[in-house]
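Here are my notes for your first read of this model. Keep the viewer open and find each residue as you go.

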Amino acid sequence: MTDIGDVATGSSPFEGPEKLLEIWFAPSPADVPDASSNRDGRHGLRRVKRAVWEEMLAIVKCEVLSVIEGTETDAYLLSESSLFVSPHRLILKTCGTTLNLLGLPRILDIAREQASLPTVYRCFYSRKSFFFPERQKGPHREWKNEVEYLDKIFHNGAAYSVGKMNGDHWLLYITNPSDGTPNTPTFPPHPLHKAQTNGAEADDAAEATVIPKAPGIDYTIEILMTRLSPEASRAFVFPDDDDGSTPSDRAREVSSSLGIADLFPPHLTTLDSYAFSPCGYSSNALLKWGEASPSHDNAAAEAAHSGEGYYTIHVTPEDGWSYASFECNVPLSPVPAPQPRDIPDLRTLVRRVVNIFHPAHISLTLFISSEGNTEAEEEGGESAVEAAQRAFKAALTSNKRPAPDGKANDVSRSGIYKRTDKINYEFGDYDLAFASFELAA
């Protein structure tokens, strides 16, 4: 078997932490102009052909490896992470030295020209602090450059840094709709014809700004892990053996053997994965949620409608810059699920993910719309972000968790952690729970 140290010695450092761009062109699929003529969920941005997205991704410097088409979302697995396309929203997550933000002007053009979406409802851009910032290109060399680039496009954006500036931290740029209307760019980094608002002529802008309030919860959990254990890293080294197996075959085997395929109930999951040579792993999954829990104990799921969500995992296993990320947008209960076939609770999911990678350091973020936060408050008045903080701590600082039958199950295979940061943040109509943990000696 190839040693992970040998792989790292023979390669240049790779930047695992991703740049995450999320653009909403409407509050929900129902608010997309052609929603009334929707057939099979393929309206809005989902009408755009794969070749068009590939042309945009060429600007970003990455390629499509495969795609799975769900009922509400198309999940593109990329050479550097993932692209998720819904009728009203696009999520572009890229690692390495990709030029994520340089794809934004082209995305705006595509939305206007091919999906009749001339305005941006809101935009989010976030990332963890880089390992090798000096290796980045374009606006990604420094956070201030990224903010300046986005400020040239959006007139009401705000930039934040969460965590230790001289240590591990998380960076966020967010735009907010003014009085419930969509955010519109001031001017793009390239010229447009006539007087335009994100591509729409000024005369049409007033009509385009009337957008209803978004329903339900917007919920995203990220688990960002560094310094993976040698044992965990070795599982993601794939020597170029001539055994006839494809990258998808190898990834499928690893997904099954490590428990990635079982993070959520398999009957609710469509998984797409890829094993890179000589090392590295990526996967996207589309998840059916809401319908799996006949009980009403999941307050977050009750507050939102059931539907189709996603999770995505990306692994850079090389020694010296090992990194793994997990992201999911399915609302999770902070309390244990009553049945094994249910969507797991937040505490259980965090421990399942961490047990796969055995990291020495973990950063977690839960980003949730304030409306959902209020609706998901527990009886004692605990907010969703504070309940998440409690779930993070319970998952990582103890090797025991109560099972539904009241017995204790040992679920810690990666060790016990100590919390080094706990920060709750309010961003107007969104709330954030941020926490960092280190493996205890």
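1. First, a term. A salt bridge here is a side-chain nitrogen of Lys or Arg within 4 Å of a carboxyl oxygen of Asp or Glu. This is a predicted model, so local features need pLDDT of at least 70 and side-chain atom pairs count only at pLDDT 80 or more, while totals for chains, interfaces and linings use all residues. Residues are numbered from 1 along each chain as its sequence is written, and side-chain values use heavy atoms, with hydrogens and water left out.

2. Now the pair I'd look at before the others. Glu-222 forms a salt bridge with Lys-93, and the closest N and O atoms are 3.7 Å apart. This pair links distant parts of the chain: Glu-222 belongs to strand β11 (residues 219–228), Lys-93 to strand β5 (residues 89–94), and 129 residues separate them. Helices (H or I, at least four residues) and strands (E, at least two) are DSSP runs, numbered from the N terminus.

3. Are Glu-222 and Lys-93 buried or exposed? Glu-222 is buried at 6% relative accessibility, and Lys-93 is buried too, at 1%. The cut-offs: buried means under 20% relative accessible area, exposed means over 50%, and partly exposed is in between (1.4 Å probe, protein chains only).

4. Next, try Lys-288 and Glu-308, a salt bridge whose closest N and O atoms are 3.6 Å apart. Here too, distant parts of the chain are linked: Lys-288 sits in strand β13 (residues 281–289) and Glu-308 in strand β14 (residues 307–316), 20 residues apart. Lys-288 is partly exposed, at 27%, whereas Glu-308 is buried, at 9%.

5. Salt bridges that share partners also build a network, made of Glu-55, Arg-106, Asp-109, Arg-112 and Glu-113. How many salt bridges does the structure hold? The count is 20.

6. For a pair inside one helix, go to Glu-54 and Arg-50, whose closest N and O atoms are 3.0 Å apart in their salt bridge. Both lie in helix α2 (residues 50–60), four residues apart, or about one turn of the helix. Glu-54 is partly exposed at 31%, and Arg-50 is partly exposed at 35%.

7. Then there's a helix pair. The axes of α9 (residues 346–357) and α11 (residues 384–396) come within 8 Å and cross at roughly 45 degrees. That makes α9 oblique to α11. Axes are lines fitted to C-alpha atoms, for helices over the stretch in contact, with angles running from 0 to 180 degrees between N-to-C directions. Under 35 degrees counts as roughly parallel, over 145 as roughly antiparallel, 65 to 115 as roughly perpendicular, and the rest as oblique.

8. Who touches whom? Contact means heavy atoms within 4.5 Å. On the α9 side are Leu-346, Arg-347, Val-350, Arg-351 and Val-354, and they meet residues of α11 including Ala-388, Phe-392 and Leu-396.

9. Last residue: Ser-436, in strand β20 (residues 430–439). Ser-436 is buried, at 2% relative accessibility. Leaving aside neighbours within four places in sequence, its contacts include Asp-168, His-361, Lys-418 and Asp-421.

10. Zooming out, the chain has eleven helices and 20 strands, and buried residues make up 56% of its 441 residues. Among contacts between residues at least 6 apart in sequence, 70% join residues at least 24 apart.
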